[in-house]
Amino acid sequence: MFNLKTSLTLLFAAITLTGCIGVNAQRVAPVTSNTPTPKKILIVLTNHEQLGNTGQKTGFYLDEAAHPHAVFTQAGFEVDFASPTGEAAPIDPKSYKLNDPLNKKFVENPKVMAKVEDTLSPEEVKPSEYKAIFFAGGHGTMWDFPNNQKLAQLTAAIYEQGGVVGAVCHGPAALVNVKLSNDAYLVAGKTVAAFTNEEEAAVGLTKIMPFLLESKLIERGAKHTEAPNFQAHVVVSDRLVTGQNPASAIGVAEQMVRLLK
């Protein structure tokens, strides 16, 4: 009898212990499934490299990608690069100034340049993976950003999921045809900054551009603000951050990071 009682006691203990292990395993399992996704920002660059009919080369303005990239990565964000076609993004030769340490660091980083030379297409990007999208400027953007429907849809998706949209200089060209799910333009009713009509005239490209960016943003219902030519000017309007010119690139990135914290 003693042996039987002892055996039953040991059996009951074993069953109880097994049950506890099972319960604990069930409690632990959800932790691994709720692992947070990486903090990611998408920088969009132009593929266009012909400056109208001038015979000159253009592309994205190096400062406007390199400076924000430095701000984003220093803040702990992972950065990917996209473009309208998903191909190589050319650097505007006029902006290729390696006496700027952030520019130099950018172009001498093989991992970064590999992404620039083989960008993601809008179709390859999953909006849910990104907390923000940023459009670097450069005159090339005026040709291939505005009418890319997939890029516009991607921008709207990131914004409407609570993400931040940023753009600098001619980068806001990407925003002129972005419509939200209520069929309103993203920029409608918002305060913005972009390369001004006066700045375009100052660089002698008013007649070369397919349209004037300041005028188009106003036409879409935005309230355009500006600083004196080529002075830094950054505007935050809800979760839209825009800057006037290359001098504004760092400021736009910093304000985007502030909104994302």
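Asp183 sits in the loop that runs between strand E4 and strand E5 (191–192), where helices (H or I, at least four residues) and strands (E, at least two) are DSSP runs, numbered from the N terminus. The phi of Asp183 is near 75°, a positive value in a residue other than glycine. Asp183 is exposed, with a relative accessible area of 53%; exposed means over 50% relative accessible area, buried under 20%, and partly exposed in between, with a 1.4 Å probe and protein chains only.

The model is predicted, and local features need pLDDT of at least 70, side-chain atom pairs count only at pLDDT 80 or more, and totals for chains, interfaces and linings use all residues. Residues are numbered from 1 along each chain as its sequence is written, and side-chain values use heavy atoms, with hydrogens and water left out.

A second aspartate, Asp238, also has a positive phi, of about 60°, although it is not a glycine. Asp238 lies in the loop between strand E7 (234–237) and strand E8 (240–243), and at 48% relative accessibility it counts as partly exposed. In the loop that follows, between E8 and helix H9 (249–260), is Gln244, which at 0% relative accessibility counts as buried. Gln244 and Phe230 are 14 residues apart in sequence and 7.7 Å apart in space, C-alpha to C-alpha.

The protein has 9 helices and 8 strands, and buried residues make up 47% of its 261 residues. Of the contacts with a separation of 6 or more, 76% are between residues 24 or more positions apart, a contact being heavy atoms within 4.5 Å.

A search of the whole structure finds 4 aromatic pairs. Rings of Phe, Tyr and Trp (its six-membered ring) pair if their centres lie within 6.5 Å, and planes under 30 degrees apart count as stacked, over 60 as edge-to-face and the rest as tilted. Two of these pairs are set out below.

| Pair | Centre distance | Plane angle | Class |
|---|---|---|---|
| Phe72 and Phe134 | 5.9 Å | 75° | edge-to-face |
| Phe81 and Phe106 | 5.9 Å | 80° | edge-to-face |

Phe72 lies in helix H2 (residues 62–74) and Phe134 in strand E3 (residues 132–135), so this pair ties together parts that are 62 residues apart in sequence; Phe72 is buried, and so is Phe134. The pair of Phe81, in strand E2 (residues 78–82), and Phe106, in helix H3 (residues 101–107), links distant parts of the chain, 25 residues apart. Phe81 counts as buried at 2% relative accessibility, and Phe106 counts as buried at 3%.

The largest pocket holds about 310 Å³ of space. Of the 17 residues that line the largest pocket, the closest to its centre are Tyr61, His139, Phe195, Val203 and Pro246. A pocket is an open set of points on a 1 Å grid over the protein atoms alone, where a 1.4 Å probe fits, with protein on both sides within 12 Å along at least five of seven lines, and lining residues have an atom within 4 Å of a point.

The protein averages a pLDDT of 90, and 85% of the residues score at least 70; pLDDT is the predictor's confidence in each residue, from 0 to 100. Among the elements, strand E4 (residues 164–168) has the highest mean pLDDT (99) and helix H1 (residues 2–33) the lowest (38). Over residues 1–35 the pLDDT is below 50, and this stretch has 0 contacts in the model beyond near neighbours in sequence. Where pLDDT is low, the predicted coordinates should not be read in detail.

Terms used:
Points joined across faces, edges and corners; volume = space filled by probe spheres on them.
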